Amino acid sequence: MVPRLAILEEKMKEAEDVVTRGEKFSGCPPRGSSCTDVIAFFVVLPLVLVLKMSLPDVKVERMEKFFLVTFVGAIVWIGVFSFFTVWFATTIGDVFGIPPAVMGLTFLAAGTSIPDLLTSVIVARAGEGDMAVSSSIGSNIFDVLVGLPLPWLAFCLIKGETVKVGADSLFLSILILFVMLASVIGTVAINKWRMTKCLGGVMFVLYAIFVAQDLGRTYGYLPNPKF
């Protein structure tokens with residue numbers, strides 16, 4: 001039996017060959033696709049068409065000189081998609097009576113972490129466990145040290161005002177995050193710095209505990225002291 005990783009690498013090589021040859025996007029599912037693959041294809045088809053029509057495909061040799069346009073355009077589209085994602089999540093939360101904080105903690109957090117999850121799984125199966133872990137840590141550090149300060153800086157420069165950063169029991173939330181971080185590091189150390197099934201199970205339990213206590217404090221089931 002051919003290992004799954006070998007099958008994945010073979011499919012990625014085939015896709016790379018198609019791109020290298022510069023074949024046009026047909027708008028139809030690939031031959032031999034399963035029912036699930038066909039559904040997934042049509043779900044992402046609108047996004048693919050929008051990007052195909054608005055950005056030069058620099059993987060085609062004659063379009064390589066427009067790489068800067070594609071780079072800037074991709075960032076702009078990420079901003080547009082992010083705006084609508086937050087808008088839709090907030091609207092859905094309002095319909096079902098879910099606070100924005102809860103939507104951000106669960107659905108938005110999971111949605112923005114899926115790309116990290118997929119890349120980490122791919123490199124972990126390739127035997128690059130260090131790369132998988134460092135990618136997850138690096139992306140979160142980038143979010144905190146660049147993703148948050150950059151919009152604040154832009155607001156200050158444009159509006160000429162300061163940004164007030166604060167929330168109910170902010171200190172307690174930060175303290176809980178430090179406790180969770182210590183728990184994660186401690187769990188990894190106990191597992192002798194190896195990625196095992198036991199480690200994965202413990203991580204799921206820690207995440208469930210974190211979400212449960214946050215939801216409990218948000219809905220008033222747990223005390224939410226303010227410092």
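This short talk walks through one helix, its packing partners and two further residues in the structure shown above.

Before we look at anything, please keep in mind that this is a predicted model, in which local features need pLDDT of at least 70, side-chain atom pairs count only at pLDDT 80 or more, and totals for chains, interfaces and linings use all residues. Residues are numbered from 1 along each chain as its sequence is written, and side-chain values use heavy atoms, with hydrogens and water left out.

Let me begin with helix α7, where a helix is a DSSP run of H or I with at least four residues, numbered from the N terminus. This helix has 21 residues and reaches 30 Å from its first C-alpha to its last, close to the 30 Å expected at 1.5 Å a residue, the expected span being 1.5 Å times one less than the number of residues.

Which residues of α7 are buried? They are Leu172, Ile176, Met180, Thr187 and Val188, and by buried I mean under 20% relative accessible area, while exposed means over 50% and partly exposed lies in between, with a 1.4 Å probe and protein chains only. Seen down the axis of α7, its buried residues fall within an arc of 150°, so they line one face of the helix; the arc is that of the directions from the helix axis to the C-beta atoms. On the other side of α7, Phe171 and Phe178 are exposed, and just after the helix Lys192 takes a positive phi of about 60°.

The buried residues of α7 pack against α8, which brings us to the core. The largest nonpolar core has seven residues, namely Leu105, Leu172, Ile176, Met180, Leu206, Phe210 and Val211, and α7 and α8 each supply at least two residues of it. Such a core is a set of buried Ala, Val, Leu, Ile, Met, Phe, Trp, Tyr and Cys residues joined through side-chain atoms within 4.5 Å. Leaving aside neighbours within four places in sequence, Leu206 is in contact, meaning heavy atoms within 4.5 Å, with Met180, Ser183, Val184 and Thr187.

Now, is Met195, in the loop between α7 and α8, buried or exposed? At 56% relative accessibility, Met195 counts as exposed, although it touches Gly129 and Val133, not counting residues up to four places away in sequence.

Finally, Thr70 lies in helix α3, residues 67-96, and is buried, with a relative accessible area of 15%. Apart from neighbours within four places in sequence, Thr70 is in contact with Leu55, Pro56 and Val58.
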